[in-house]
Structures are given as C-alpha cells and as structure tokens.
Protein chains: 2
Amino acid sequence: MRCAQHQFSAAERDTVYANIALRRDIRHFAPGGQVDDAQLQRMLNAAHQAPSVGLMQPWRFMRIRQPALRRQIQALVEAERQRTAAALDARAAEFLRLKVEGLGDCAELLLVSLAPEDGTVFGRRSMPREMALCSAACAVQNLWLAARAENLGLGWVSMFEPEALAALLQLPQGAMPLGLLCLGPVARFYERPMLEQQGWRDARPLAEMLMDEPSLELS
Amino acid sequence: MRCAQHQFSAAERDTVYANIALRRDIRHFAPGGQVDDAQLQRMLNAAHQAPSVGLMQPWRFMRIRQPALRRQIQALVEAERQRTAAALDARAAEFLRLKVEGLGDCAELLLVSLAPEDGTVFGRRSMPREMALCSAACAVQNLWLAARAENLGLGWVSMFEPEALAALLQLPQGAMPLGLLCLGPVARFYERPMLEQQGWRDARPLAEMLMDEPSLELS
C-alpha cells in the first residue's frame with residue numbers, strides 16, 4: 001500500500017494516463033463471463049474513494065442478481081430506446097441499428113443511484129442538485145477506470161425513465177437512478193468510442209473545449 | 001503508447017488503485033509553485049478523454065491567467081463563503097475557521113463550465129440536465145486523477161453564485177460554471193479527506209452505500 005505522500009514515477013504516471021485513455025463505454029460483452037467477488041469489491045472501493053462536495057457521498061449502488069429482475073429492467077430500457085428513436089426523428093432508423101446497451105450479456109449489472117437530498121450545505125448552497133450529481137458521477141468514473149484496470153468493460157446505460165426504474169427497484173423516496181452499469185469481460189475493447197466507430201457522431205478536439213478568459217485591459 | 005487491447009498487469013492495476021486512493025481535494029498549495037505547460041496539456045488531454053452521454057462532451061475549460069481577474073473571482077468566493085456560514089447557522093463559526101479553498105496560493109486556476117444545451121438526445125432524452133452534468137464531472141475526475149499522477153494537488157471549489165461567476169467570466173448564454181479548479185504543487189497530500197482530518201464530518205463506509213435489490217419471490 002502506497003502512503004499518502006507517494007510520488008508517482010513517470011512510468012506510473014503513464015500507466016494512469018493509459019488507463020484513462022483506454023477506458024471505453026462498452027456495449028459488447030463476452031457471453032458467459034464472470035466478475036470475481038474480489039474484483040467487484042476492489043472496484044466498489046475505488047468508486048467509494050471519489051470526492052464529494054461537503055463529503056456527502058451521495059452515490060448508492062445496487063447489484064442486480066435476479067435474472068427475472070434484469071429482464072424487467074431490460075424492458076424499461078427497450079421502451080426508452082423506442083421513445084428515443086421517435087424523438088430522433090430523421091435519424092430514428094439509423095439509431096435503432098446501433099447497439100446501445102449490453103444488458104443482455106454483461107456478467108454483472110449494477111445500478112448507481114443518487115441518494116435522497118441530505119441537506120448538506122458545505123460547497124453546494126448555491127448549486128445543491130448540480131453538486132450532488134457531479135459527486136455521484138465522480139464515483140462512477142472511478143468505477144469505470146477501476147474496471148478498465150481490471151481489464152473489464154463497463155457501459156453506463158442512461159436510457160430509461162428514472163421514475164419507472166426507481167419504482168421497479170423500490171428506491172427510497174427522493175432517490176434518482178442515474179445509470180445501469182453493465183460490467184464484465186469483453187472480447188475486445190473498442191479502438192475509439194463506439195459512437196465514433198459506428199459513424200453516429202464525431203468527437204471534437206480538446207481545442208474546441210478551451211475558452212479564453214475575458215480581458216481586463218482598459219479599452 | 002499502449003494499444004486499445006492492452007491488458008493491465010496486476011502491478012499496473014495497483015498503480016491505478018493507488019492513484020484513485022491517494023487523490024485528495026486540496027486547499028493548501030506550496031507558495032510560488034508552477035505547473036509546466038506540458039503537464040497542463042497532458043492533464044487537459046486526460047480530462048477530454050472522459051466519457052460523455054451521446055458523445056456530447058459538455059465540458060469547457062478556461063485558464064485564468066490575470067492576477068486581477070483571480071482576485072475578482074476570490075471576492076465572489078468569499079461572498080459565498082459568508083452566505084454559506086450564515087446558512088450553516090449553529091456551525092457558522094466552526095465553518096469559518098476551516099480553509100475551504102486555495103485560490104490565493106495555487107499555481108494555476110482553471111474554470112470548468114457546463115456548455116450550453118446542445119440538444120443531444122442520445123442517452124439523455126429522459127434526464128437531459130443530469131446526464132450533461134454527470135459527463136462534465138467525469139472530465140473533472142479524470143483531470144483530478146491526472147493531477148495526482150503528476151504529483152500535483154487539485155481542489156474543486158464550488159462556493160460561488162453561478163450566475164455571478166458566469167457574468168464575471170463572460171460565459172456564453174446557457175453555460176453554467178461548475179467549479180474553480182485550483183491546481184499546483186503541494187507541500188504534502190492530506191492523509192485523509194481534509195474535512196475528516198479537521199473534524200467537520202466523518203466519511204461513511206462503503207457498506208452504507210450498498211442497497212439490496214428488491215426480491216421478486218412470491219410472498
């Protein structure tokens with residue numbers, strides 16, 4: 001176990017960067033795959049080491065083990081897939097040909113949910129909902145990177161009606177499901193994001209994400 | 001450069017886990033520190049490799065270079081710190097003794113902002129705002145982990161009125177500032193989250209974050 005003052009070497013730094021660069025949103029899983037309990041525990045520990053505003057830790061996880069429950073979830077996702085197609089209008093047919101989730105073949109299915117509002121004020125007086133959501137997402141990103149480090153694929157499925165999924169999974173009042181996390185061994189990782197590989201949308205370069213600061217010079 | 005099919009070794013996996021475990025939200029920076037342009041470029045590249053719903057990439061970054069602009073930002077944060085203290089009521093004095101941000105001494109100050117709504121439907125028809133926020137947060141978490149791998153500290157400051165900060169930084173209509181990211185060398189990394197070390201709040205164990213799935217057995 002490295003201590004808090006550990007200095008990462010250049011080689012270790014490059015491993016971290018490779019992990020970040022090679023993580024993919026996965027929809028194709030190796031059928032019949034398995035995730036060890038020890039792996040799952042390590043990954044959830046990593047998720048739980050995420051930062052959170054005011055230390056609120058608003059992430060909640062549920063492991064779906066019952067095949068019949070998974071099938072009910074799949075039906076909710078399929079209904080939302082059809083509604084999404086309808087909303088996409090001219091691209092509906094193209095959309096429906098994409099594989100958008102791996103619920104049928106992933107080894108493990110986890111739900112990540114936003115906890116009910118807990119009243120934390122520190123760091124979120126002015127942006128309460130936004131900061132809770134951002135904190136929960138940081139936990140998922142940790143889980144995602146952990147999965148890639150375990151050579152496992154993870155896909156975040158957000159195609160569902162949150163109220164319907166919350167009802168099906170009997171979430172507490174005020175909780176909001178954010179993602180169905182499909183996890184498991186894969187035959188291969190995508191070379192590029194799948195939506196790019198399939199020609200759905202091109203990623204834009206970093207340069208387009210950078211804004212100039214306003215100049216304070218007197219005009 | 002590792003290829004997409006790279007299998008992480010156990011040692012590499014443990015490096016990733018150490019990076020995740022040793023990342024801290026930093027408010028104490030080494031005065032007079034600097035961040036190399038090459039480091040900053042690597043970190044922003046890592047942020048930009050984050051997943052995003054429908055490949056919308058809603059993260060935007062601004063590097064604040066002008067000391068006078070940083071001071072104006074500090075004034076906004078200080079005003080929100082006072083409002084937070086007032087909202088905390090019985091714990092106001094205790095709160096005001098905490099160091100809640102490192103805007104005065106960090107080497108670099110970045111803004112992360114949510115881009116204006118771009119109409120992406122894929123994966124967010126039913127949760128448009130939530131999924132944009134989660135995507136932006138994943139980019140920040142990548143940046144945070146990258147900073148730790150560079151042995152630099154990063155602190156996410158969310159203590160500001162988003163409308164006031166958006167106006168000061170002349171953000172485009174519909175953009176929302178999510179964080180002021182204080183970045184730079186540190187004398188040391190906290191052993192535990194600073195809010196825990198200072199007795200503000202205790203983190204809860206992972207076990208409390210896990211929910212049982214509802215049973216489908218017939219009753």
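Where in chain A is A:Ser135? Select A:Ser135 and you land in helix H5 of chain A, which covers residues 128-149. Keep in mind as you click around that this is a predicted model.

**Stop 1: around A:Ser135**

Is this serine buried or exposed? A:Ser135 counts as buried because its relative accessibility is 3%, and the cut-off for buried is under 20%. Now show what surrounds it. Setting aside sequence neighbours within four places, A:Ser135 is in contact with A:Pro51, A:Ser52, A:Val53, A:Pro58 and A:Trp59.

**Stop 2: chain A as a whole**

Zoom out and colour chain A by secondary structure. You'll find seven helices and five strands. Trace them from the N terminus and the order is α-α-β-α-α-β-α-β-α-β-α-β. The C-alpha trace of chain A spans about 60 × 50 × 40 Å along its principal axes. Of the 219 residues in chain A, 60% are buried. Contacts that reach across the sequence are plentiful here: counting pairs at least 6 apart in chain A, 80% join residues at least 24 apart.

Next, select residues 21-184 of chain A. An unreviewed UniProt entry gives this stretch the feature "domain: Nitroreductase". Helix makes up 43% of the span and strand 16%, and its end C-alpha atoms lie 19 Å apart.

**Stop 3: two chains together**

Show chain B alongside chain A. Rotate chain A by 180 degrees, with 0.0 Å of shift along the axis, and it superposes on chain B with an RMSD of 0.0 Å. The two copies are therefore related as by a two-fold rotation axis. Both copies use the same surface, too: 100% of the contact residues of chain A recur in chain B.

**Stop 4: helix H3 of chain B**

Pick residues 67-88 of chain B, which form helix H3. How far apart are the end C-alpha atoms of this helix? They are 31 Å apart, which agrees with the 32 Å that its 22 residues should span at 1.5 Å a residue.

Now highlight the buried residues of H3(B): B:Leu69, B:Arg70, B:Ile73, B:Val77, B:Glu80, B:Arg81, B:Thr84, B:Ala85 and B:Leu88. Look down the helix axis and you'll see them on the same side of H3(B), because they cover an arc of only 155 degrees. Turn to the face pointing away from that buried side to find the exposed residues B:Arg71 and B:Ala86.

What covers the buried residues of H3(B)? The cover includes four strands to pick out in chain B, S1 (59-64), S2 (108-114), S3 (153-157) and S4 (176-184), along with helices H4 (92-97) and H6 (162-168).

Stay on H3 of chain B and click B:Ala85. With 3% relative accessibility, B:Ala85 counts as buried. Leaving out residues up to four places away in sequence, B:Ala85 touches B:Ala92, B:Phe95 and B:Leu96. Try a distance label from B:Ala85 to B:Leu96: 11 residues separate them in sequence, yet their C-alpha atoms are 6.6 Å apart. Just after the helix comes B:Asp89, with a positive phi near 65 degrees.

**Stop 5: the cysteines**

Finally, select the cysteines. How many disulfides does the structure hold? Zero, over all chains. B:Cys134 is in no disulfide, and the nearest cysteine sulfur, belonging to B:Cys138, is 6.9 Å away. B:Cys134 is buried, at a relative accessible area of 1%, whereas B:Cys3 counts as partly exposed at 49% relative accessibility.

Methods:
Residues are numbered from 1 along each chain as its sequence is written. Chains are lettered from A and ligands numbered from 1 in the order in which they are written. This is a predicted model: local features need pLDDT of at least 70, side-chain atom pairs count only at pLDDT 80 or more; totals for chains, interfaces and linings use all residues. Side-chain values use heavy atoms; hydrogens and water are left out. Helices (H or I, at least four residues) and strands (E, at least two) are DSSP runs, numbered from the N terminus. The expected span of a helix is 1.5 Å times one less than its number of residues. Buried means under 20% relative accessible area, exposed over 50%, partly exposed in between (1.4 Å probe, protein chains only). The arc is that of the directions from the helix axis to the C-beta atoms. Contact means heavy atoms within 4.5 Å. A disulfide is a pair of cysteine sulfur atoms within 2.5 Å. UniProt positions are given in the numbering used here, feature names are shortened, and annotations may be inferred rather than shown by experiment. Copies are superposed by least squares on the C-alpha atoms of residues with pLDDT of at least 70 in both.
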